[in-house]
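Biologist: Could you take me through this structure one feature at a time, with the general idea ahead of the particular case?

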Amino acid sequence: MKTGELSFLDELMYWGRSGKQATVLEMNCVLDQAVKPDALHEAMLEAMRVHDNFRTRPVIVDHRFRAVTDDVDKVLVISEDGRPRHLGTEETEGLMLYATYGDNDFTLHVFHGVADLRGIYAFLKTVLRAYARILGLLQTDASRLDNTHSDYFVEEVLKAGSPGNTIGKFNPEKHDIFHLPEENYGEETTRQRIFEVDIPLDQMLAFTRENESSVIPAWNAVIGKAIRKTYDVGQKDIVCYVPIDLRPVFHFETGRNGVTNFSLPYTEKMDQYDVKERTMLLRCAMDLQIQPENLYVNIATLKGTLDQIVANDVPVSVLSPMVVKNGRRSDAQNYTYGISYPGKIAFGEDVDRIVSSVSACAGSYSYPLWIIACEYNGVIRMKFVQSYESDVLTKRIYEEFSALIPETEFRDLGYHEFDEYPV
């Protein structure tokens with residue numbers, strides 16, 4: 001057993017995304033065969049030996065969140081019952097993750113402090129390769145694969161210093177932001193309403209190539225228009241919160257958290273253009289926001305926020321809820337909705353043949369609508385998670401996508417309660 005520091009991006013998640021409405025990411029994997037629970041449990045343990053951050057347990061030492069990492073011989077793998085759990089407690093063997101399974105699918109439940117979506121995907125890849133080997137479907141030793149490291153590379157980015165001055169960075173605080181006028185479920189519940197939209201990958205990519213763009217700007221071109229058709233937005237800006245992977249930008253690899261975010265605004269002027277022109281213009285706006293100089297400022301700001309938090313002498317049990325509340329309030333003021341897209345997912349031909357689909361979601365607590373999209377097996381599956389009742393906007397967004405790509409599919413998945421992480 002060893003106790004060590006957390007990456008500052010990880011620690012910031014423990015401070016600011018904990019409590020009743022903790023940010024717990026769920027990644028669901030549908031197989032083409034019945035799930036074997038014992039094999040899944042063994043595969044989870046094997047993957048946790050490879051990805052050591054997935055077997056860490058948080059402790060508080062000298063007013064800081066630290067990580068205790070030791071060997072584990074069991075992890076909670078349980079039949080899906082729809083019941084939310086408390087991560088980091090006896091319910092989950094003290095761990096910050098567990099798995100549930102159905103007839104032919106399983107879901108990883110992971111607290112965001114452990115990893116981002118890219119890190120969870122790497123972990124899932126190792127789980128699946130171990131699972132296939134245990135069932136005799138794969139010969140390769142999974143323990144030698146896909147260790148994406150757990151080193152603290154973002155700290156090295158800060159040490160290197162800024163690559164230059166900011167370039168046209170959008171600051172939501174200086175703009176009049178539109179907020180969805182929907183009645184939120186409130187702060188005392190993790191209940192959310194979930195919808196699913198499937199978009200054929202080839203047609204989506206063909207559209208973006210035709211307009212010299214990419215998927216995130218294209219989605220914002222569609223969703224921004226749907227919001228303006230649904231509500232009286234006026235001259236306010238519709239601003240999307242978009243996480244961005246820092247790994248390819250600053251040339252590092254990690255299985256921990258390695259993202260910051262940028263703002264992508266849809267202004268009133270966008271209504272003057274058709275969807276193709278909007279897609280192209282929003283790509284230009286995105287390219288400006290994701291310049292390394294702008295992203296470096298985000299990282300430095302986050303580090304400054306953490307330094308201010310730990311300098312406060314208030315007990316952690318009191319301070320952490322305050323940090324969560326302030327962070328949620330700030331996000332709510334600066335953004336209309338959020339989209340997360342971890343990019344293409346592939347497990348290798350030998351494993352891909354037993355996997356039918358992959359999707360991910362998380363509770364939408366900072367703003368009313370949070371979308372996570374996963375690209376797999378020729379389909380982009382978007383999970384729309386909303387903290388309010390009305391389905392009018394989500395159906396309008398689907399209609400806009402269907403007008404663009406008629407083969408788009410829509411499903412109402414009903415209600416879901418997410419897990420908690422009590423400090």
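Modeller: Valine 385 is buried, its relative accessible area being 1%, where buried means under 20%, exposed over 50% and partly exposed in between, with a 1.4 Å probe and protein chains only. The model is predicted, so local features need pLDDT of at least 70 and side-chain atom pairs pLDDT 80 or more, while totals for chains, interfaces and linings use all residues. Residues are numbered from 1 along each chain as its sequence is written, and side-chain values use heavy atoms, leaving out hydrogens and water.

Biologist: Which residues does valine 385 touch, not counting those up to four places away in sequence?

Modeller: Counting heavy atoms within 4.5 Å as contact, valine 385 touches, among others, Gln192, Ile194, Ala362, Trp370 and Phe418. Alanine 362 is 23 residues away in sequence, yet 7.1 Å away in space, C-alpha to C-alpha.

Biologist: How should I read the buried residues of helix α10?

Modeller: An α-helix has 3.6 residues a turn, so residues three or four places apart point the same way. In α10, a DSSP run (H or I, at least four residues; strands are E, at least two; both numbered from the N terminus), the buried residues include Leu319, Val323 and Asp331. The buried residues of α10 fall within an arc of 165° seen down its axis, so they line one face of the helix; the arc is that of the directions from the axis to the C-beta atoms.

Biologist: What do the buried residues of α10 pack against?

Modeller: They pack against α1 (8-16), β3, β4, β9 (238-245) and α9 (292-311).
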